[in-house]
Amino acid sequence: MTSVTRNQAGGDAVASQSIRAPGEARRLPAGLTGRWVVYQLHWLLGITLGFVLALMGITGATMSFEDQIMRALSPGVITVAPRAVPVLTPDALLARVREQRPDTRVEGVFLSARKDEAARVLFAGGMGGNRGERAYIDPYDGTVLGRATGEEFFAFVRRLHRWLALPGNGDGLGRQITGAAVMALLFFCVSGLYLRWPRRPLDWRAWLALDTGARGRAFLWSLHAVIGTWVLLVYLVIGLTGLWWSYDWYRDGATRLLTGQPLPAREEGPKGGKGGRERGKGDAGPILVDTAWAAFLAREGDHYAMALLTPPGKAGGPTRVRYRPQGAPADQAYDEMVLDTATGQVTSESHYADKALGAQLLAGVLTVHRGTYFGTGGAVVFMAAAGAMPLFTITGLLMYLDRRRKKKAVRLARDGAQDGAILDGASAIPSTASTTLTIAYASQTGTAEQLAWRTAGALRDGGLAPQVLPLAKLDPRTLCGRLLVVASTYGEGEPPDDARAFARKRMAAPADLTGVAFAVLALGDRQYETFCGFGRALDRWLGDSGATRLFDPVVVDANAPGDGAEALHQWQEQLRGIGAGAAPDWTPEAYGRWRLVERRLLNPGSPGGPAYHLSLEPLDQPPPDWAPGDIAQILPGNDTGAHHRDYSIASLPAEGRVDLLVRQQTRPDGTLGLGSGWLTAGAAVGGEVRMRLRANPGFHAPAAAVPMILIGAGTGLAGLRGHLKHRRALGLGDAWLLFGERSAATDAWHAEEIAAWQADGTLARVDLVYSRDGEGYVQDRLAAQGDTVRDWVDRGAALYVCGSLEGMAPGVDQALEAILGRDRLDALMAEGRYRRDVY
């Protein structure tokens, strides 16, 4: 809303958390669909499978340079001293191995072209991993050198990484859990991108700039979101390739997608063996492969770097040689040659370089997964990204715990106050005339009520049991003992809506309050001539009624620097004098850093003042939650010494931004208003705005799915727009909008949006009234529809009014009084079915 100061109930700034009033039903979050659902799934999966991903990330990073680490730790095992004699042929090498390890069967042997590299033999069976046991062999004399230092460690790490080292290995529960975690990683990438999508996506700073100056939750969010963006592509690659080992259906689908062919069926070995490597009892002996190896060397010479020689599984079978040429682009860029074992004739061969890209990716899926496909630099980047996975689990958990801690603090503050307090019609503890300590509140936007409950909590901590109730329910005839009143003022000394009937009926003449001791905490705005007018009027009336002051009224200037913290501290000190326990500081939360991402003129050529649609996005904190009807408080010029300005929020949390409707105000000397002038002309689009959000429960949506009549004019559309967006998100219709402005030609604000709400059923009826077109004002249209208004109210409709206190709001109130009668209108207000957000 555009107002230099919204109203004296702006004292709501003193409370940083909203507290649900007694008996108030819990509502579903605004924007239940879409962004809210994605967010809930994001954090739910994060605090469950996030721990699995953290473990997988650490183990994956640990294995990134496994071969290099073991090579450095195992001289004399992985590497040997070069000699001036030829290396053994494969048959001679394998014969020496069989002499030393007679109870094992060889599945394959790795042979290197380097003179200082040991050969590696793979044995059938294994250590529980998907690799068989391996041993390093001196290529010159066939001595089994044993296993490399760290090999058992890396084997265990590998089992942790792939299936959490759970029983069953690759066929057990562990594989299903890690597979689900990889699916969650892909969801985190997509949902995280969606949740933090900025209003200006081409601004690289919005994506990649880490706010090192932020503190607390804001810094955690910056780490989580910004570093998550840095590693997003890497995680997508890791996730898409990681599923290759998780699910057969994925492997088959990826093969069909990348090659156009189905996944080849697995070869089944003969009975008594696996993979076709074990031979039956009737086998004549080892199959010799030297002829095939010699033929391979004749073709390739020393142009290979490493070759895996696989002997045939049975007599007459072929010998396979998978080899990596010198200078191959990736570790798994292997060519393959199949040779007749007896003659050495090449029966088939394939080359990595001749394959299509899809087939190359499948052939080297492990290298893509580890990043070595992209060279040493890629391996380093992938290792760092994998090692960073715990960061997201930790920051996500800390933000979750912070949110839980804050919600718990609010709940404890409310429940703690209620635990020792007597609640009027809101708990199992009945209200009685014998109560000696009563706290009454008159609240327009919720702050007075919240301060009343905080007061009750402080008194309860001192061993007292106060009764807490709205001022409207205070009966002077049964009042005794001590009375504390927390009352806000709005407009020019007017009572809050929920206390209007009390002011008119009860305060018209003094009551008999002899024997009652009282004190008043008055909330208001000193810029009004009648600063804290209603609170002061209450103090006078109580004194005139014979009650005795416990202490002078404490007045809070909501727009003073510090938001009246000094006055609140004074109130707390006075409470201690009547028995309250020590209470925490009631200073409100600090202003957050936001970026102005959009400023759009809504009414070019209008006979009225320029009005703008503004959008702001958080700079260094996750988007906070708010409810339709809540308020944005902005510091003009980001000056902490300036009075904040209040504006109705015209958007939902699910949209990730705060929308405002602001009319440019002009002073008598022609200069622009401090708040509206800065927002509409002074602040740069893309620049920083200091803002905080505060609850305005007095204008929250109805607890039940009832019809709504929404009435407003000018920038009052902002508060109504939030409610209509909320109803649309929840699939609610049966709303009636009455909106007034100057001219249909220039002031049809958000016309397309309103038309869309009509089309989808959110709005059952729309009355747009343009005064300069001779249609009168919105209150005139309302008065002309008296019968329809009564019909809507009779079937349970709630009335919501948002707009200026000068003209529109009083005119609407008078029209409703003429239609429904004052008593019924007061009753609707007491029931929460007539709510106003006026300025």
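Axes here are lines fitted to C-alpha atoms, for helices over the stretch in contact, and angles run from 0 to 180 degrees between N-to-C directions. Helices (H or I, at least four residues) and strands (E, at least two) are DSSP runs, numbered from the N terminus. The model is predicted: local features need pLDDT of at least 70, side-chain atom pairs count only at pLDDT 80 or more, and totals for chains, interfaces and linings use all residues. Residues are numbered from 1 along each chain as its sequence is written, and side-chain values use heavy atoms, with hydrogens and water left out.

**Exercise 1. Describe the packing of helix H25 against helix H26.**

Step 1. Two packed helices are described by the angle between their axes and the distance between the axes.

Step 2. The axes of H25 (residues 808–820) and H26 (residues 822–830) cross at roughly 115° and come within 7 Å. H25 is therefore roughly perpendicular to H26, a class that covers 65 to 115 degrees; under 35 counts as roughly parallel, over 145 as roughly antiparallel and the rest as oblique.

Step 3. Contact means heavy atoms within 4.5 Å. H25 contributes Asp813, Leu816, Glu817 and Leu820, and H26 contributes Arg822, Arg824, Leu825 and Leu828.

Step 4. By class, this contact has four nonpolar, no polar and four charged residues. Ala, Val, Leu, Ile, Met, Phe, Trp, Tyr, Cys and Pro count as nonpolar, Asp, Glu, Lys and Arg as charged, and the others, Gly among them, as polar.

**Exercise 2. Place strand E18 in its sheet and give its bridge partners.**

Step 1. Two strands pair if DSSP finds at least two bridges between them. Six strands form an open antiparallel sheet in the order E19-E18-E21-E16-E17-E20. Its edge strands, E19 (645–648) and E20 (658–663), each pair on one side only.

Step 2. E18 (residues 631–634) is joined to E21 (residues 688–694) by four bridges, antiparallel. Gln633 has Arg692 of E21 as its bridge partner.

Step 3. E18 also pairs with E19 in the antiparallel sense over four bridges, and there Ala632 is partnered by Tyr647.

Step 4. In a regular strand the side chains alternate between the two faces of the sheet. In E18, Ile631 and Gln633 point one way and Ala632 and Ile634 the other, and all are buried, that is, under 20% relative accessible area; exposed means over 50% and partly exposed in between (1.4 Å probe, protein chains only).

**Exercise 3. Which residues have the most contacts inside the largest nonpolar core, and which helix supplies its largest share?**

Step 1. A nonpolar core is a set of buried Ala, Val, Leu, Ile, Met, Phe, Trp, Tyr and Cys residues joined through side-chain atoms within 4.5 Å.

Step 2. The largest one has 31 residues, and Leu53 and Tyr235 have the most contacts inside it.

Step 3. Helices supplying at least two residues each include H2 (49–62), H6 (173–195) and H9 (232–242). H6 gives the largest share, seven residues.

Step 4. A second, separate core of 27 residues includes Ala713, Ala797, Leu820 and Leu828.

**Exercise 4. Is Asp116 buried or partly exposed?**

Step 1. Asp116 lies in the loop between strand E1 (106–112) and strand E2 (119–123).

Step 2. Its relative accessibility is 23%, so Asp116 counts as partly exposed.

Step 3. Asp116 and Thr79 are 37 residues apart in sequence and 5.5 Å apart in space, C-alpha to C-alpha. Beyond neighbours within four places in sequence, Asp116 is in contact with Arg71, Ile78, Thr79, Val80 and Pro82.
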